[in-house]
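Colleague: I have a new structure open and would like to learn how to read it feature by feature. Could you walk me through it?

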Amino acid sequence: MSVPEPRSGAPVADATTLRLGYGTNGFANHRLDDALAVIADLGYDGVALTLDHDHLDPFAPGLTRRVAAVGRRLESLGLSVVIETGARYLLDPWQKHAPTLLHDDPTRRVEFLRRAVRIGADLGAEAVSFWAGVRPEAVSPQCAWDRLVAGCATVVDAADNAGVTLGFEPEPGMLVQDIADWRRLHAALDNPARFGITLDIGHCRCLEPWPVPQCVAEVADHLVNVQIDDMRRGVHEHLEFGVGEIDFPPVLAALRDAGYRGLVAVELPRDSHAAPAVAARSIEFLRAAAATATNDHPANTLCSAPAEATPAEATPAEARPAEATPAVATPATEAPAHI
């Protein structure tokens, strides 16, 4: 699966060029116009735009006018865009991320995702990214899985009609938490052409059974969106680069060798309090890592993983129940705390 070309006016890269972006969920205390300006001024190629109450709210009045204004702003700044849908309290002021596609009434989530697809089409987004959610305690694993497949099929139809590429993100602790789960979902949907994978590099270190660069290679044919952050084994916490356990040059080499041309967007949703400084450090770090990117580096092994693999690592997806055991201790009724 190929990533759509960057929007008009945005930089075009060949297969060896790293295109860096930054997520607006890490600029939650900024106006969207100001966040885009800072991201562009720092030299990023694009932005991962999380639709939220203060960042292009898809339910507020005047959506068509506001989307057009954001499009002009992106054009003037030369920024490419992917659409992210992980807003915490946009749909329900009481429950984070609720409702998901797994709840008894997913109507508002489905409408949100349909609107995200339309916004993505209007902005020329490279992908629209979404995830499964955490299974509500009262919903059986099989029922949750059936609801997820049905909901995703609806979103795929909307994406097909709009000509938009979807990136489905495995999230630790959610119903689809790893690459094996994504493959199972992709197959259940009859392998739709526009249903790719959003790969969070930190998640690979957190719970996947392979070295991080191998995770990239495993999904190369379906990779449409990349989020990047540091992380430690078994701990779902997005960290600044250099704080966790990932060695990044081999990871960036793997993205290059996979021919990935999309945005590689920094995903630090808990760092809005220092967004400009964190974004500046992040692009400096990633540029330095890219300059030394090689895949003959003895790093990113699972040497620090526990001797007994977690259930998500040890058991093939086909043999697991519809809901895998979370890699981190997360109550079943709420989303992982970092998101």
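Colleague: Let me begin with a helix: which residues of H8 are buried?

Modeller: Happy to start there, and please keep in mind that this is a predicted model. A general idea helps when reading any helix: an α-helix has 3.6 residues a turn, so residues three or four places apart point the same way. In this structure, the buried residues of H8 are Phe248, Pro249, Pro250, Val251, Leu252, Ala253, Ala254 and Leu255. Helix H8 spans residues 248–257, and because eight of its ten residues are buried, the helix is largely enclosed by the rest of the structure.

Colleague: What do the buried residues of H8 pack against?

Modeller: Their partners are both helices and strands: helix H6 (201–207), H7 and helix H9 (275–291) on the one hand, and strands S7 (223–228), S8 (230–232) and S10 (263–266) on the other. Just after H8 comes Gly259, whose phi is positive, at about 75°.

Colleague: Can we look at one residue from a partner helix? Where is Val216, and what does it touch?

Modeller: Val216 sits in helix H7, which covers residues 212–218. With a relative accessibility of 0%, Val216 counts as buried. Leaving aside residues up to four places away in sequence, Val216 touches Leu199, Ile201, Leu223, Ala254, Leu255 and Ala258. Ala254 and Leu255 are among the buried residues of H8. The C-alpha atoms of Val216 and Ala254 are 6.3 Å apart, although 38 residues separate the two along the chain.

Colleague: And Pro211, is that residue buried or exposed, or somewhere in between?

Modeller: Pro211 counts as partly exposed, since its relative accessibility is 26% and the buried class ends under 20%. Pro211 belongs to the loop between H6 and H7. From the C-alpha atom of Pro211 to that of Val251 is 9.3 Å, with their positions 40 residues apart along the chain.

Colleague: I also noticed cysteines in this region. How many disulfides does a search of the whole structure find?

Modeller: The search finds zero disulfides. Cys204 is in none, and the nearest cysteine sulfur to its own, that of Cys215, is 3.8 Å away. Cys215 is likewise in no disulfide, with the sulfur of Cys204 as its nearest cysteine sulfur at 3.8 Å. The cut-off settles the matter: a disulfide needs two cysteine sulfur atoms within 2.5 Å, so this pair does not count. Cys204 is buried at a relative accessible area of 1%, and Cys215 is buried at 0%.

Colleague: Next, empty space. How many cavities of 30 Å³ or more does the structure hold?

Modeller: The general idea first: rolling a probe the size of a water molecule over the atoms shows where empty space is left. Here the search finds two cavities of 30 Å³ or more. The second largest cavity holds about 40 Å³ of space.

Colleague: Which residues line the second largest cavity?

Modeller: Its lining consists of Pro170, Gln177, Leu199, Asp200, His203, Cys204, Leu207 and Glu208. You have met two of these names already: Leu199 is touched by Val216, and Cys204 is the cysteine whose nearest cysteine sulfur is that of Cys215. Strand S6 (195–200) and H6 each supply at least two lining residues, and H6 gives the most, with three. By type, the lining has four nonpolar, two polar and two charged residues.

Colleague: What about the largest pocket: which residues lie nearest its centre?

Modeller: Asn25, Thr50, Asp52, Ala87 and Arg88 lie nearest the centre, out of 22 lining residues. The volume of this pocket is about 370 Å³. Its lining is made up of seven nonpolar, eight polar and seven charged residues.

Colleague: Where does Thr24 lie, and what does it touch?

Modeller: Thr24 is in the loop between strand S1 (19–23) and helix H1 (32–41). Its relative accessibility of 0% makes Thr24 buried. Not counting residues up to four places away in sequence, Thr24 touches Leu32, Val47, Ala48, Leu49, Thr50 and His55. Thr50 is also one of the residues nearest the centre of the largest pocket.

Colleague: To finish, what does the whole chain look like in numbers?

Modeller: The chain has ten helices and ten strands, and 56% of its 339 residues are buried. Of the contacts with a separation of 6 or more, 79% join residues 24 or more positions apart. The exposed area is about 13300 Å², with 51% of it supplied by carbon and sulfur atoms.

Key
Residues are numbered from 1 along each chain as its sequence is written. This is a predicted model: local features need pLDDT of at least 70, side-chain atom pairs count only at pLDDT 80 or more; totals for chains, interfaces and linings use all residues. Side-chain values use heavy atoms; hydrogens and water are left out. On a 1 Å grid over the protein atoms alone, a cavity is a set of points where a 1.4 Å probe fits but cannot get out, and a pocket is an open set with protein on both sides within 12 Å along at least five of seven lines; lining residues have an atom within 4 Å of a point. Grid points are joined across faces, edges and corners, and a volume is the space filled by probe spheres set on the points. Ala, Val, Leu, Ile, Met, Phe, Trp, Tyr, Cys and Pro count as nonpolar, Asp, Glu, Lys and Arg as charged, and the others, Gly among them, as polar. Helices (H or I, at least four residues) and strands (E, at least two) are DSSP runs, numbered from the N terminus. Buried means under 20% relative accessible area, exposed over 50%, partly exposed in between (1.4 Å probe, protein chains only). Contact means heavy atoms within 4.5 Å. Accessible areas come from the Shrake-Rupley method with a 1.4 Å probe; for residues, only the protein chains shown count as cover.
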